[in-house]
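I opened this model to look up its helices, cores and charged pairs. My entries are below the structure.

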Amino acid sequence: MIWEIEHETRVVDGLDAQGRPDPAYAAALGLVPAPFGRRALAFAIDIAIWLILQLPLWFGAIPLLLKLATGAISPYGFVNHPDFVLAVIMAAVSVALSLVYVVVQWMLHGLKGITIGKAVTGIRSVNVMTLERPGVWAVLLRYVIVAASGILPAVGPALVLLSPTFDLERRGRGWHDRIGKVWLVDVRHGLNPYDEKRMRVARKTVKAEPAPERVELPSLATPRDPVAQPEYRPGSRISAGVVGVPRSPEAPAMPAPAAAAAPASAPVNPTTPSPAATPAAPAVATPAPAVATAAPAVAVADAPGPRRRGRMVGLALRLDTGETIPVTAPILLGRDPDVAAHPGAQAVPLTDTTRTLSKTHALIQPVAGGLEIIDRRSTNGCGVIRGGIETELASGGSATVAEGDAIRLGDRTADVVQIAPLQT
């Protein structure tokens with residue numbers, strides 16, 4: 001009997017059809033190449049620290065070695081010189097400190113993507129394929145390439161260190177970076193790839209398929225068209241979603257207007273001619289829409305929100321799993337929201353297998369101009385994403401969002417969308 005064991009193959013995002021890293025994907029995440037000036041400064045800082053560690057050797061051992069080299073003392077006199085023991089100790093101190101410094105820099109670079117110089121200048125190194133830590137062996141290979149360039153004195157190191165300016169992809173990757181599959185990024189003006197929470201949100205946002213532009217509905221009497229208004233749903237997101245909230249398009253997020261259901265529930269007269277034999281004018285003349293829109297219109301009209309061309313607009317949260325939550329009154333979001341401290345708010349529990357949501361994570365309520373999000377001192381915090389840039393809320397802080405914005409709750413995201421507007 002032959003047993004076949006399936007090995008899970010990791011899917012790496014951001015690779016093109018040839019398996020090469022796509023610069024456009026990294027740019028969409030918010031990663032910015034490290035500028036040459038700060039790269040040079042980081043290198044200078046690392047070298048300067050190494051030179052400082054050589055001071056014991058230079059001041060304690062080099063003077064005695066120079067006397068031996070110039071013939072001022074003989075080899076016998078060198079060994080018996082009063083400063084010989086001190087010179088040996090000082091040289092050993094420099095060698096030991098230099099060795100520790102090199103190993104620490106190597107480990108930090110491979111596992112954390114930083115050296116002392118890179119940490120000071122706001123630069124991080126990542127694997128160009130996975131955008132994660134580069135790895136100690138890749139960093140060692142990178143250092144070996146730089147050291148091997150010294151075979152051609154001055155010219156070799158100069159070409160290697162200047163090679164980032166030759167990068168056709170304009171990512172600042174030199175020859176040693178390409179061989180080691182390393183990329184240096186700027187965390188001062190771009191996304192920090194070692195911020196796991198922000199990277200997860202950025203990857204999920206870029207990976208999700210954008211929702212097509214929604215068609216504005218003239219009134220609540222118009223039935224919802226699932227073709228004209230497709231749901232926003234990330235392709236690979238797996239989650240149980242919102243407890244008690246229907247998932248589109250299997251079930252509509254808002255109740256269907258009674259006007260749309262009236263023709264379907266009307267009794268069928270067996271003597272009535274078939275639709276093919278008679279015009280459909282009587283169906284159009286049905287006066288049901290004027291009566292059936294009253295109840296849904298009140299629910300949306302009570303919620304404050306922006307007005308557009310004489311219409312009151314209702315807003316809702318569309319989660320990254322496809323569920324839509326209308327916000328017509330204050331709601332509490334979390335794994336198990338406690339409404340005791342928020343009288344009048346409705347608890348909306350969210351199922352979160354990643355455990356990044358707090359029990360009571362955020363309060364969302366309609367205000368003039370949009371929705372107000374208030375962080376309830378959650379563990380993993382809240383953020384507002386506007387124009388692709390996230391602004392994190394302080395613990396207990398609040399912000400106002402409008403249609404087109406998105407909010408982050410722990411590891412979950414939700415778009416602020418418009419729901420059925422009504423004529424005022």
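The entries run from the whole chain down to single residues.

**Ground rules**

I am working from a predicted model, where local features need pLDDT of at least 70, side-chain atom pairs count only at pLDDT 80 or more, and totals for chains, interfaces and linings use all residues. Residues are numbered from 1 along each chain as its sequence is written, and side-chain values use heavy atoms, with hydrogens and water left out.

**Whole chain**

I started with the secondary structure. The protein chain has 15 helices and 15 strands. Helices (H or I, at least four residues) and strands (E, at least two) are DSSP runs, numbered from the N terminus. Next I checked burial. Of the 424 residues, 39% count as buried. Buried means under 20% relative accessible area, exposed means over 50%, and partly exposed is in between (1.4 Å probe, protein chains only). Then I looked at contacts, meaning heavy atoms within 4.5 Å. Among those between residues at least 6 apart in sequence, 63% join residues at least 24 apart.

**Helix α8**

I picked α8, residues 136–148, for a closer look. Its 13 residues reach 18 Å from first C-alpha to last, close to the 18 Å expected at 1.5 Å a residue. The expected span is 1.5 Å times one less than the number of residues. Which residues of α8 are buried? I found Val136, Ala138, Val139 and Arg142. Seen down the axis, the buried residues fall within an arc of 165°, so they line one face of the helix. The arc is that of the directions from the helix axis to the C-beta atoms. Trp137 and Ala147 are exposed, on the face turned away from the buried side. The buried residues pack against α2 (36–53), α6 (84–112), α10 (175–180) and β3 (182–186).

I also looked into α6, where Leu97 sits. Leu97 is partly exposed, at 40% relative accessible area. Its C-alpha is 8.9 Å from that of Trp50, which is 47 residues away along the chain.

**Nonpolar cores**

A nonpolar core here is a set of buried Ala, Val, Leu, Ile, Met, Phe, Trp, Tyr and Cys residues joined through side-chain atoms within 4.5 Å. The largest has 22 residues. Leu317, Leu333, Ile364, Leu371, Ile373, Ile407 and Leu409 touch the most other members. Strands β5, β7, β9, β10, β11, β14 and β15 each supply at least two residues of this core. β5 gives the most, with three. Another core, of 12 residues, lies apart from it and includes Tyr25, Leu29, Leu31 and Trp183. In soluble globular proteins, nonpolar side chains tend to be buried together.

I listed the neighbours of Ile373, leaving out residues up to four places away in sequence. Among them are Ala362, Cys382, Leu393, Val401 and Leu409.

**Charged pairs**

How many salt bridges does a search of the whole structure find? It finds 14. A salt bridge is a side-chain nitrogen of Lys or Arg within 4 Å of a carboxyl oxygen of Asp or Glu.

- Arg142 pairs with Asp177, closest N and O atoms 2.6 Å apart. The two residues are in α8 and α10, 35 residues apart. Both are buried.
- Glu392 pairs with Lys197 at 3.6 Å. Glu392 lies in β12 and Lys197 in α11, so the pair ties together parts 195 residues apart in sequence. Glu392 is partly exposed, at 37%.
- Arg200 pairs with Asp411 at 3.3 Å, N to O. Arg200 is in α11 and Asp411 in the loop between β14 and β15, 211 residues apart. Arg200 is partly exposed at 36%, whereas Asp411 is buried at 7%.

I also noted a salt-bridge network that links Asp195, Lys197, Arg198, Glu390, Glu392 and Arg408.

**Single residues**

I checked Arg412, in strand β15. Arg412 is buried, at 2% relative accessible area. A polar atom of its side chain lies 3.2 Å from the backbone oxygen of Thr351.

I then looked up positive phi values. Lys181, not a glycine, has phi near 55°. Lys181 lies in the loop between α10 and β3 and is partly exposed, at 45%. Arg377 also has a positive phi, about 55°. Arg377 sits in the loop between β10 and β11 and is exposed, at 63%.

Conventions:
A polar contact is a pair of N or O atoms within 3.5 Å; within protein, one must be able to donate a hydrogen and the other to accept it, and residues adjacent in sequence count only if both atoms are side-chain atoms.
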